[in-house]
Amino acid sequence: MPYVHDTILRLRHSSPAQTEFYQAAEEVLECLRPLFERSPYYHDHSIIERIVEPERQIMFRVCWTDDAGKVRVNKGYRVQFNSALGPYKGGLRFHPSVTAGTIKFLGFEQIFKNALTGLPIGGGKGGSDFDPKGKSDTEIMRFCQSFMTELYRHIGPATDVPAGDIGVGAREIGYLFGQYKRLTGCYEGVLTGKGLSWGGSLGRKEATGYGAVYFAQSMLESRGESIEGKTCLVSGAGNVAIYTIEKLYELGATPITCSDSRGMLHDPRGIDLALLKELKEVKRISLEAYLATHPEAHYVPVADYPADGHAVWRIPADAAFPCATQNELTKADAETLLGNGIRCISEGANMPATADAVDLFLDARVAYGPGKAANAGGVATSQLEMAQNSSMQQWSLEKVDAKLKAIMASVHRQCADTAEEFGEPSNLVLGANIAGFRRVADAMIEQGVG
Ligand code: NAP
């Protein structure tokens with residue numbers, strides 16, 4: 001079928017220099033081949049052409065004043081990709097690497113992830129090339145206020161509900177929410193990831209990491225195995241990584257690594273979670289400081305990583321949880337993991353494995369959970385926060401966690417059943433893409449052209 005090639009060519013021409021977006025689009029479109037052969041009516045409705053084009057892209061200037069009184073300028077983005085299933089939903093990323101292409105790739109992935117949750121949420125994403133690192137609290141506040149001063153006119157509880165992502169945690173959500181309230185005079189559920197005393201949901205902070213572990217557990221159970229007793233590699237040291245590590249301990253596994261943008265930490269006896277939280281959530285400092293308390297652990301700075309990959313994936317273990325960023329697990333890393341007998345990979349981050357690494361995992365038929373399925377717990381719990389906000393309720397942690405667990409089991413079931421339906425039972429990439437796409441595409445067709 002020439003449509004994959006034709007679509008990617010068209011995207012390259014109409015949206016130049018967005019390599020991560022082409023990578024994400026190509027992966028989804030390749031997986032849809034068997035569906036199109038079976039159901040040509042998606043072609044008849046030009047669904048491919050429509051689904052790769054965002055409904056709306058907002059790009060804006062963000063001016064703010066630093067503590068020295070100098071005016072700084074950043075770019076702001078919000079991509080409202082697809083609203084067939086509900087209000088746009090997806091995080092905001094503040095990181096110097098952010099471009100229009102990054103936000104577009106993340107927004108595209110978000111459409112199918114949100115569809116897999118079975119909840120009424122469309123796909124969107126936003127962010128800025130602002131770097132929160134090294135900024136004071138007041139600088140962060142002024143940036144967030146300026147960002148929201150433009151964004152507020154485009155979002156709302158029934159239109160678009162942003163959340164956090166890399167560089168956007170509870171502190172940033174607080175400043176963004178405060179400015180939205182000031183500008184609109186409305187106290188409403190326009191953001192998720194809010195503080196617990198002012199509209200946040202218990203369990204939201206933990207949801208993406210916990211969900212990635214629940215997904216791994218479902219994959220392993222379907223193969224007659226368990227996460228209990230497994231030695232695990234985790235990359236990242238942010239929100240997703242920390243709560244992946246927490247849930248791994250709860251389920252009897254041993255996480256032995258984590259990483260940040262400066263280096264990798266290996267503690268063969270298991271990562272000291274309380275210390276990790278103190279370093280990253282409270283002090284916001286480098287992982288290297290871990291050695292002051294645990295001199296027997298190993299720290300590898302980025303400069304000493306292998307030229308063709310990431311130091312975390314070179315350590316032998318049973319399961320891997322990439323939880324930092326995109327393309328952080330290369331083909332060479334995948335070869336090493338497989339050579340060391342890895343049994344399960346569950347992606348907390350979005351698109352952390354390169355396309356050739358994914359091919360190796362699929363060929364080896366190990367349990368591989370792609371990010372759009374394995375990390376769907378975050379957005380699912382965001383929707384639970386929206387439900388609590390609109391009904392003026394606050395649910396218990398037990399209730400939220402039970403719902404999260406059920407949603408992750410259902411996401412896994414849909415992916416596995418769809419993979420089976422299309423004759424590739426262990427291919428959860430195929431299952432996730434087809435199951436997510438079908439739900440969105442059917443809704444688009446039923447809602448008519450527009
Ligand atoms: P976060 O709290 O900002 O943490 C990100 C972590 O990754 C940090 O440890 C950071 O290092 C590291 N990192 C970021 N960029 C890196 C790079 N280019 N190279 C090496 N390390 C890098 O972000 P998060 O919320 O945990 O998000 C992590 C991943 O999960 C992202 O792919 C995100 O899209 C995905 N995700 C997040 C959620 C959610 O609910 N938060 C939901 C679904 C998917 P430093 O500490 O040095 O900054």
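The following legends describe close-up views of the ligand site, a pocket and the internal cavities of a predicted model.

**View 1. Residues surrounding the ligand.** The shell around the ligand consists of 24 residues, of which Asp165, Thr208, Asn239, Ser261 and Asn350 come nearest. Sorted by class, this shell holds 12 polar, six nonpolar and six charged residues. Because domain 1 (3-191) and domain 2 (207-369) both contribute residues to the shell, the ligand lies between these two domains.

**View 2. Polar contacts of the ligand and its burial.** An N or O atom in the side chain of Arg93 is 2.9 Å from an oxygen atom of the ligand. Backbone atoms also take part: a polar backbone atom of Asn239 is 2.9 Å from a ligand oxygen, and a polar backbone atom of Gly238 is 3.4 Å from an oxygen atom of the ligand. Taken alone, the ligand exposes 900 Å², and the protein buries 83% of that area. Two helices, α9 and α10 (239-250), are the elements that give two or more residues to the shell around the ligand.

**View 3. The second largest pocket.** This pocket encloses about 290 Å³ of space. Its lining comprises 16 residues, and those nearest the pocket centre are Glu27, Glu30, Cys31, Asp359 and Val429. Two or more lining residues come from each of α2 (19-31), α14 (355-364) and α18 (428-446). Of the elements that line this pocket, α2 gives the most, with five residues. By class, the pocket lining divides into nine nonpolar, five charged and two polar residues. Domain 1 (3-191) and domain 2 (207-369) each supply at least three residues of the lining of this pocket.

**View 4. The largest cavity.** A search of the whole structure finds two cavities of 30 Å³ or more. The largest cavity has a volume of about 70 Å³. Glutamate residues in its lining are Glu27, Glu109 and Glu347. The lining of the largest cavity also includes Asn350, Met351, Pro352 and Ala353, together with Val358 and Tyr368. Pro370, Gly371 and Lys372 complete the set of residues that line the largest cavity. By class, six of the lining residues are nonpolar, four are charged and two are polar. Two of these residues also appear in other views: Asn350 is one of the residues that come nearest the ligand, and Glu27 is among those nearest the centre of the second largest pocket.

**View 5. The second largest cavity.** The volume of the second largest cavity is about 50 Å³. Its lining is formed by Gly203, Glu206, Ala207, Tyr210, Thr381, Leu397, Val400, Asp401 and Leu404. At least two of the lining residues come from each of α9 (204-221) and α17 (397-421). Helix α17 gives the most to the lining of the second largest cavity, with four residues. In terms of class, the lining of this cavity has five nonpolar, two polar and two charged residues. Helix α9 is thus shown in two settings: α9 supplies at least two residues to the lining of the second largest cavity, and α9 gives two or more residues to the shell around the ligand.

Technical notes
Residues are numbered from 1 along each chain as its sequence is written. This is a predicted model: local features need pLDDT of at least 70, side-chain atom pairs count only at pLDDT 80 or more; totals for chains, interfaces and linings use all residues. Side-chain values use heavy atoms; hydrogens and water are left out. On a 1 Å grid over the protein atoms alone, a cavity is a set of points where a 1.4 Å probe fits but cannot get out, and a pocket is an open set with protein on both sides within 12 Å along at least five of seven lines; lining residues have an atom within 4 Å of a point. Grid points are joined across faces, edges and corners, and a volume is the space filled by probe spheres set on the points. Ala, Val, Leu, Ile, Met, Phe, Trp, Tyr, Cys and Pro count as nonpolar, Asp, Glu, Lys and Arg as charged, and the others, Gly among them, as polar. A residue is near a molecule or strand if one of its heavy atoms lies within 4 Å of it. A polar contact is a pair of N or O atoms within 3.5 Å; within protein, one must be able to donate a hydrogen and the other to accept it, and residues adjacent in sequence count only if both atoms are side-chain atoms. Accessible areas come from the Shrake-Rupley method with a 1.4 Å probe; for residues, only the protein chains shown count as cover. Domain bounds come from an automatic or database domain assignment.
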